[in-house]
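User: I'm new to this one and would like to learn how to read it. Could you walk me through some features step by step?

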Amino acid sequence: MSKVLIVGGKVVDPVAGTQHAADVAIDGGKVAAIGKRLARPAAARVIDAEGCLVTPGLIDPHVHLREPGNERAETIASGTAAAVEGGFTSVCCMPNTSPALDNDSMIQFVLTRAEKSGACRVFPVGAVSKGRRGEELAEIGLMARAGAVGFSDDGDCVASAGLMARALAAVKATGAALMQHCQEPTMTRSAVMHAGEVSTRLELGGWPRAAEELIIERDARLNRSIGCRYHVQHISSGESVEIVRRARAQGQPITAEATPHHLLLTHETIETSGYDTHYKMNPPLREKSDIAAIKKGIADGTIGVLGTDHAPHTAESKEVPFDSATFGIIGLETALALYARALVHDGVIDWPRLVALMTIEPARLCGLDAMGLGMLEVGGPADVTVIDPKAEWTIKPANLVGHSKNTPFIGWKVKGRAVATIVAGKVRMIRR
Amino acid sequence: MGTLTRARRGSGKAGRGDDGAPWSHRHLLQLRGMSRAELRRILSKARRYEAQLSGARGLDAVNSELRGRVVANLFFEDSTRTRSSFSVAARRLGAEVIDLTSVGSSVSKGETVSDTALNIAAMGVDAMVIRHRSSGACHLVVRTLEGRRRDGGAEVAGDLSASRACSIVNAGDGRHEHPTQGLLDIYTLAHRFGRLEDFDLRGLTVAIIGDVASSRVARSDIAGMSALGARVVCVGPPGLVPEGLRSLGCDVSHDLDAVIGRVDALNVLRIQFERHEVKGSSGGENRPAASSSTAIASIREYSELYGINARRAARMRRNAIVMHPGPINRGVELTADVADSQRSMVLAQVSHGVAVRMAVLSLCVGATGRAGA
């Protein structure tokens with residue numbers, strides 16, 4: 001295994017919340033040394049990190065890799081290529097593939113494919129229910145043993161309270177977190193956008209905030225006597241943030257995740273763009289007040305994890321009328337710059353905290369910290385991202401390396417970019 | 001994308017009509033967002049056509065404004081009135097009409113609305129009149145066409161080059177808008193209440209009764225009538241007339257009997273069961289029967305509380321009128337005696353529709369012609 005030396009950067013320690021000037025030496029897939037003016041070993045590849053942050057490899061707790069079943073939209077190979085392009089060294093993939101990841105052999109399939117074709121580490125999330133149908137529990141215990149790092153029916157909510165109570169107990173026994181897609185289904189049957197004035201004007205089915213809030217409230221109550229680690233995926237409603245805040249104040253093991261689009265876009269974009277389906281997400285884009293509440297939740301720690309909800313879709317599935325189009329946008333290549341814009345440039349949090357929300361915090365959520373991921377320690381795995389916080393660039397289709405290009409952020413001028421991604425000591429992406 | 005998409009910049013003076021007000025919109029997608037002046041521009045042009053059509057030489061007065069132009073009707077949803085009305089309007093202007101009533105067959109073969117529209121546009125038609133079950137479908141077609149013209153003009157020479165601009169006229173997109181129906185409703189109001197000079201509807205109150213939530217007609221009526229100064233109140237059960245409609249600039253009431261004596265016109269809507277969510281289903285794909293709709297408890301309750309019958313009509317103002325966009329479900333929202341009474345404007349609406357659609361086609365296609373020159 002080759003040697004790498006990253007020189008001249010500022011090393012961010014997200015566990016301690018500090019940063020200091022230091023070089024990082026990598027050898028044999030491990031961090032060999034962190035310190036000032038490290039000696040340059042023979043045959044080491046040197047990466048100049050002048051003006052850059054040297055951080056633990058970024059971890060995305062919420063991606064869709066579409067394999068198996070929809071390989072034209074994305075594969076494990078193409079999705080992980082997009083990940084390293086954006087600075088991610090680990091991704092947690094959701095089980096809404098076809099067939100769903102709802103048993104141990106499916107988990108093994110993903111791990112094997114990732115081993116063979118992945119550019120970064122892939123950690124599968126197993127389904128809560130068989131076929132993600134919300135009727136009976138999937139083989140949660142076997143999946144955990146096979147390597148599932150969390151459980152979710154993402155794309156669909158675990159709507160039945162009875163099933164949810166059983167699922168919380170089953171997931172608790174594995175030590176993993178139950179990640180809930182919070183959407184009360186009977187309230188959102190033909191919903192394609194936020195229920196509000198814009199949906200009334202455009203006459204598109206409305207998805208009310210309450211459909212998210214009700215599920216969080218209900219699950220927090222169910223979980224009170226169970227105590228499973230519970231995670232709110234892609235939070236969209238300002239009031240949901242308050243519900244999570246209250247539950248955390250009561251000592252409940254509840255965490256929540258934000259996405260870039262719910263911090264930067266509102267439902268009005270659907271009107272101003274003339275029904276552009278690139279603004280169709282689930283949960284939907286909401287209002288300015290929700291953005292403010294989510295930012296506040298990130299600032300005070302209520303929301304402790306940042307994801308992308310990277311949701312690749314073919315162009316064909318987006319070039320149709322709004323009500324028939326698929327939900328979701330890609331995010332791996334653009335998330336870091338968009339988070340910098342929404343959170344750092346706006347003064348909500350600083351760079352070290354942003355790095356923590358994209359490294360150690362998702363590592364803890366998915367139990368990856370036990371493997372030494374999400375942190376930089378001598379002797380630990382050499383997953384490293386070098387970030388140039390001053391790099392200015394424009395998001396263009398050419399920057400998107402995954403199979404799908406479905407993003408409304410094309411043309412945005414942004415600042416901050418991963419310039420090198422190192423996975424297990426291997427340089428998987430470098431721009432300098 | 002605006003209400004009416006502006007013709008491409010640099011198109012010069014597009015279709016200047018006798019009013020002197022310039023017209024620069026190539027497409028008609030919705031009434032929301034249109035100015036009073038723009039609405040009046042269309043309506044006063046319609047008034048001249050109406051005078052021609054109803055004049056002694058009505059049928060002889062064949063207009064040749066659009067001679068040599070081709071108008072294609074693309075109806076992805078069923079229609080009787082609207083499609084024939086657009087066809088008659090286009091022919092009265094001297095245009096040729098292609099009636100693609102079977103576009104459903106392309107859809108069943110898996111073709112998308114954008115592809116169908118691109119294909120028809122590539123044949124060099126001047127206007128497409130589109131009806132589709134999805135809100136925003138015409139916006140999508142406009143975006144696809146304009147995008148293709150912008151990016152592909154050079155490399156796909158001869159197919160959609162700038163010389164062949166095609167107007168898109170919305171003939172009903174999902175539950176969103178049906179702008180020409182809104183215009184003919186306004187025209188009918190103005191006609192009856194002597195407002196044809198300036199189409200100033202101030203002082204008039206219109207009640208839209210029934211399935212407002214599912215109605216594209218209601219959305220166009222609310223936008224257009226309020227822009228011209230009328231007061232609009234939507235009346236019906238909460239499942240069909242949600243409070244959120246107030247954000248469109250209208251009032252909302254669930255008490256028809258409190259409203260009926262205080263309005264100048266009723267626009268009575270059909271309950272569109274085919275657009276309702278079915279009990280116990282996960283989507284709106286299946287066409288529900290009345291008994292399985294989740295929006296109302298029963299037809300019996302609906303007719304009793306919101307149906308327009310002779311007893312209720314008797315409580316209306318002396319001059320007040322009853323409009324209905326058709327088709328009527330006699331006995332549900334409107335009883336036969338009222339539908340056929342002196343108050344009923346149903347047939348007047350239909351004949352005004354032709355004049356209004358002539359005005360729309362003339363203005364939009366006129367804008368296209370100059371734009372591409």
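User: Is A:Arg209 buried, exposed or partly exposed?

Analyst: Keep in mind that this is a predicted model. Buried means under 20% relative accessible area and exposed means over 50%, with partly exposed in between. A:Arg209 has a relative accessibility of 24%, so it counts as partly exposed.

User: Which residue does A:Arg209 form a salt bridge with?

Analyst: The general idea goes like this: side chains of opposite charge can pair when their charged atoms come close. Here the partner of A:Arg209 is A:Asp290, and their closest N and O atoms are 2.8 Å apart. This pair links distant parts of the chain: A:Arg209 sits in the loop between strand S13 (206-207) and helix H6 (210-223) of chain A, while A:Asp290 belongs to helix H10 (residues 288-299) of chain A, 81 residues apart. A:Asp290 has a relative accessible area of 4%, so it is buried.

User: What about A:Arg121, which residue does its side chain meet in a salt bridge?

Analyst: That would be A:Asp383, at 2.7 Å from N to O. A:Arg121 lies in strand S10 of chain A and A:Asp383 in the loop between helix H13 (360-365) and strand S17 (384-394) of chain A, so the pair ties together parts that are 262 residues apart in sequence. On accessibility, A:Arg121 is partly exposed at 24%, whereas A:Asp383 is buried at 3%.

User: How many salt bridges are there over all chains?

Analyst: The count comes to 32. One of them joins the side chains of A:Arg218 and A:Asp219, 2.9 Å from N to O, and both of these residues are buried. Salt bridges can also share partners, and in that way A:Glu197, A:Arg201 and A:Glu271 are joined into one network.

User: Let's try a helix. How many residues of helix H1 of chain A are buried?

Analyst: A handy rule for helices: an α-helix has 3.6 residues a turn, so residues three or four places apart point the same way. Now the case here. Helix H1 (residues 76-85) of chain A is mostly covered, with eight of its 10 residues buried. Among them are A:Ile76, A:Ala83 and A:Val84.

User: What covers the buried residues of H1(A)?

Analyst: The cover includes helix H2 (104-117) of chain A, along with strands S9 (88-93), S10 (121-124), S18 (413-423) and S19 (426-430) of chain A. Look just after H1(A) too: A:Gly87 takes a positive phi of about 95 degrees there.

User: And sheets? What is the strand order in the open sheet of four strands?

Analyst: In general, strands of a sheet pair through backbone hydrogen bonds, either parallel or antiparallel. This open sheet runs S5-S4-S1-S6 (chain A), with mixed pairing. Strands S5 (30-35) and S6 (44-48) of chain A are at the edges with a single partner strand each, so one side of each has no neighbour in the sheet. On average, neighbouring strands of this sheet are turned by 20 degrees against each other, direction ignored. Strand S4 (residues 23-27) of chain A and S5(A) pair in the antiparallel sense over five bridges; A:Asp23, for one, has A:Gly35 in S5(A) as its bridge partner.

User: Where could I look for a hairpin?

Analyst: Go to S2(A) and S3(A), which form a hairpin with four residues between them. Strands S2 (residues 10-13) and S3 (residues 18-21) of chain A pair in the antiparallel sense over four bridges, and A:Val11 has A:His20 in S3(A) as its bridge partner. In the turn, A:Gly17 has a positive phi of about 75 degrees.

Conventions: Residues numbered from 1 in each chain as written. Chains lettered and ligands numbered in written order. Predicted model: local features only at pLDDT ≥ 70, side-chain atom pairs only at ≥ 80, totals over all residues. Heavy atoms only, no water. Buried < 20%, exposed > 50% of the residue type's maximum accessible area, 1.4 Å probe, protein only. Helix = DSSP H or I, 4+ residues; strand = E, 2+ residues; numbered from the N terminus. Contact = heavy atoms within 4.5 Å. Salt bridge = Lys/Arg side-chain N within 4 Å of Asp/Glu carboxyl O. Pairing = 2+ DSSP bridges. Axes fitted to C-alpha atoms, helices over the stretch in contact; angles between N-to-C directions.
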